[in-house]
Amino acid sequence: MKLMIAIVQDEDAGRLLSRLMESGFGVTKLATTGGFLRAGNTTLLIGVEDERLEEGLSVIEKVCKSRTQMSAAHTPMSAINGTAYAAFPIEVTVGGATVFVLSVDRFVKL
Ligand code: 2BA
């Protein structure tokens, strides 16, 4: 068994959750925040049998399209008391999905 950890844009999360559930995958949805943009994103935990891994990845790929957008990046600057952050505009690619695939040693429901 594998555990997919998929980080996706909030805009894609609802549709992706529906598609995965319709296809019979078990999913847990977490509200998360990206470290670079400091904006909300969504992390899905998807436990999947090895033989369905590629199918799961393909559902994610179909739903999560990447696009570019202007955003504010926050860079740490030295400050007298603690750390201050400066924001500057930057074009970033958003959407798509960042997916980690981990092997699961044991899966139990107690
Ligand atoms: P964020 O960290 O908010 O990053 C959002 C997007 O900003 C990234 O998209 C990338 O296009 C851009 N970006 C990130 N760091 C950058 C940098 N140092 N310079 C220029 N642009 C940068 P993705 O790469 O698709 O990542 C989307 C989200 O996936 C990330 O949100 C983060 O929450 C997660 N993520 C990506 N790589 C990760 C990793 N190695 N470990 C854990 N989480 C990761």
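**View 1. The charged end of Arg-52 sits over the ring of Phe-25**. The distance to the ring centre is 4.1 Å. A charge sits over a ring if NZ of Lys or CZ of Arg is within 6 Å of the ring centre and within 35 degrees of the ring normal. The model is predicted, so local features need pLDDT of at least 70 and side-chain atom pairs pLDDT 80 or more, while totals for chains, interfaces and linings use all residues. Residues are numbered from 1 along each chain as its sequence is written, and side-chain values use heavy atoms, without hydrogens and water.

**View 2. The ligand and its surroundings**. Residues near the ligand (a heavy atom within 4 Å) are Ile-7, Gly-34, Gly-35, Phe-36, Leu-37, Asn-41, Val-92, Thr-93, Thr-98 and Phe-100.

**View 3. Polar contacts of the ligand with Gly-35, Phe-36 and Asn-41**. A polar contact here is a pair of N or O atoms within 3.5 Å. A polar backbone atom of Gly-35 is 3.3 Å from a ligand oxygen atom. For a backbone N or O atom of Phe-36, the distance to an oxygen atom of the ligand is 2.9 Å. The side chain of Asn-41 has an N or O atom 3.0 Å from an oxygen atom of the ligand.

**View 4. The lining of the largest pocket**. Of its 18 lining residues, Gln-9, Leu-37, Asn-41, Thr-93 and Val-94 lie nearest the centre. A pocket is an open set of points on a 1 Å grid over the protein atoms alone where a 1.4 Å probe fits, with protein on both sides within 12 Å along at least five of seven lines; lining residues have an atom within 4 Å of a point.

Technical notes:
Polar contact = N/O pair within 3.5 Å; in protein donor to acceptor, adjacent residues only side chain to side chain.
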